[in-house]
Amino acid sequence: MLEYVLLSFKADRRRALMSSLGIIIGVVSIIALLSVGQGLYGGVNEQFGDLDMDLITVRPGSGMGMGPGDRPASTPEEPAEFDDKDVKIIDNVLGVKDVYPLKTTRVLLSFRGDNTSVSVIGISPEEHDDLKVVVARGRFLTGSDYKAAVVSHDIAEDFFRMDISPGNQIRLYIDEEDRYSDFKVVGVLEEDEDPTYASSGVYITHKAMDDLLDVEEYHYDSIIVRAEDPAQVEALAEEVEKDLSRIHRDEAYNVEALSTRFESMLEVLNMIKYALAGIGSISLIVGAIGISNVMMLTVKERTHEIGVMKAIGATTWDIRTLYLLDAGMLGLASSLLGIALGWLVSDFVGSVANIPQEVTLQSIVFGLLFGVVITTVAGIYPANKAAMLDPIEALRAE
Amino acid sequence: MSLVEISGLEKSYRVGEMEVPVLKGIELEIEEGEFVALMGPSGCGKSTLMNILGCLDRPSKGRVLLKGRDLSRLSDRDLARIRREEIGFVFQSFNLIGRISNLMNVELPMTIKETARNARSDRARELLESVGLGHRLDYSPSNLSGGERQRVAIARALANDPSIILADEPTGNLDERSTTEIMEIMYELNVGGRTIIMVTHDVETTKDCSRMVWMRDGMVQEVTS
């Protein structure tokens, strides 16, 4: 029987190709879309996978995330103002390893006559190890530094005509050049291939930041908390939130474990991946309808032949099997071709559009299975139609 | 026991509201090894009788025993098995499959029977050689003359070594020379022991027949030897 089916493909190449085109395209789109989806997922996972899963951020205002530490934003509240008192409270929470407050603002950086807007980040130098920054040239800030700055790699090398090096003088303008401070660059950071929350900018001490801003009360705009046990990070976030609520009762602030945000992002990406596969499946189903149509035509065309086969002893079952096998083989061949083409397409799209893509075994199995099953299902109706033909009527057909 | 025993066979078709009788009580026995010519004017029911004998159709009434088995009591599956193993069809219009080779056409009944590949290929080759077409194995039937096609059809009919050959006007589409060739093959098959039941219009082709059955208006009118 199989032989006979193969032979009928050979004899009817154009029919086979035309009917399988829809399936091929369907499988190609499933493979390509799944691989791009998987690539996005994998890419994000890789980018953030080595991100510190033991970190919690504490920010004033109502957060955008929906982490467990979020407070309901139903009543308009004043954003909380965090200072050293809060740092101490957090530091005292059981399970907290380190606390480092940050203050970020935009300034105009002037270097040898060129001006560029950059972020300036106030830090506590004692905890600089934990900020995951590596110094390429010079040194990092120390607690005794005052008018000293460390600049990130991109600012040092890309923003100005001349590179900024340790020992150079830079000027930071606040409020449209009204007020400024001069800083001595003591270090340049290494290029960060994996930009995270605080890589690009000029790092100065909180004390220098306070003087630069010249405000009455100096508040941190985020506090990074590192947990002792990454597995307990979410529980710790709740603990921190609870302790802070004692002095910030009616104020808005947001405590969020990075891992929570990361997980929900992965979840969304996973959903996107399957939504993309769903779109691919639609084209596969359209392809299956095409197969069904072409097979109906084939059955009509071969009515006489089916009559002959019945006359020489083929049972209803034989004919049905024959045409289902025909459909299944067509599905298998088209799916394999579709997988190969889909691989090429996703490679091509990936490299041209510069998006990550990854053809996984899972997507291949999915494409193959779906292609074969859908095609065979599409063949059921025509195969039944063929099998139920009355042999005498069929023999009369020409 | 006769090979074929037909008694009180009636067959009618529904055309709209009307029941149109085609066979109206056929009584006929055919012994093993006979060469029976079935004759009669168009529309007398010859083909319907052949279809019932060939297990392609079922009687409306009456009994048709083939080797003692009542055809009207058999399942579709059993009828298909009889068509496959006990009956060889030869049609007026050959009914070969044009998109496969002659060899595969002859193999087809054995393919359906699930005969092993080598065995069926050998047998098909042998059969085609026996009808003088050993040099046309890989040709398509569409590249053959009418006489050659009918010889392929005969080879196919013999594939599963059936005891009965049902031939429905096997020479109806052939020229004189081909007709003679085909009838010679039929005669040899009969001599070889096969029972042949042949519908024909051409009295010339009946000279080797052991019996002639004349039909008229759905009934057997006369049997001559």
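I take buried to mean under 20% relative accessible area. The model I am reading is a predicted one.

**Entry 1: T57(A)**

I looked up T57(A) first and found the residue in strand β1 of chain A, which covers residues 55-60. Its relative accessibility is 6%, so I enter T57(A) as buried. I then asked which residues T57(A) is in contact with, leaving aside neighbours within four places in sequence. My list for T57(A) reads I223(A), I224(A), N254(A), V255(A) and E256(A).

**Entry 2: H248(A)**

Next I went to H248(A), which sits in a loop of chain A. The loop runs between α6 (233-245) and β11 (251-257). Is H248(A) buried or exposed? With a relative accessible area of 4%, H248(A) falls under the 20% limit and is therefore buried. I also noted a polar contact from the side chain of H248(A) to the side chain of D86(A), at 2.5 Å.

**Entry 3: domains of chain A**

I checked how chain A is divided and wrote down two entries: domain 1 (2-47 + 264-396) and domain 2 (100-222). Taken over C-alpha atoms, the centres of domain 1 and domain 2 of chain A are separated by 59 Å.

**Entry 4: extent of the interface of chain B and chain A**

I turned to the interface and recorded 21 residues of chain B in contact with 22 residues of chain A. About 2,100 Å² is buried between the two chains, and carbon and sulfur atoms give 63% of this area. Which three residues supply more than any other three of the area that chain B buries against chain A? I found L56(B), R99(B) and I112(B), which together supply 31%.

**Entry 5: polar pairs across the interface**

I searched between chain B and chain A for salt bridges, and the rule finds one. In this salt bridge the side chain of R99(B) meets that of E305(A), with 2.6 Å from N to O. R99(B) was already in my notes as one of the three residues named for buried area. For polar contacts between chain B and chain A, I have a count of four residue pairs, both residues at pLDDT 80 or more.

**Entry 6: the side of chain B that touches chain A**

I listed the elements that give two or more residues to this side of chain B: α2 (76-85), α3 (102-112) and α4 (117-130). Which element gives the most? I found α3(B), with five residues. Sorting this side of chain B by class, I noted 10 nonpolar, three polar and eight charged residues.

Notes. Residues are numbered from 1 along each chain as its sequence is written. Chains are lettered from A and ligands numbered from 1 in the order in which they are written. This is a predicted model: local features need pLDDT of at least 70, side-chain atom pairs count only at pLDDT 80 or more; totals for chains, interfaces and linings use all residues. Side-chain values use heavy atoms; hydrogens and water are left out. Contact means heavy atoms within 4.5 Å. Buried area is the accessible area (1.4 Å probe) that two parts lose on being put together, summed over both. A salt bridge is a side-chain nitrogen of Lys or Arg within 4 Å of a carboxyl oxygen of Asp or Glu. A polar contact is a pair of N or O atoms within 3.5 Å; within protein, one must be able to donate a hydrogen and the other to accept it, and residues adjacent in sequence count only if both atoms are side-chain atoms. Helices (H or I, at least four residues) and strands (E, at least two) are DSSP runs, numbered from the N terminus. Ala, Val, Leu, Ile, Met, Phe, Trp, Tyr, Cys and Pro count as nonpolar, Asp, Glu, Lys and Arg as charged, and the others, Gly among them, as polar. Domain bounds come from an automatic or database domain assignment. Buried means under 20% relative accessible area, exposed over 50%, partly exposed in between (1.4 Å probe, protein chains only).
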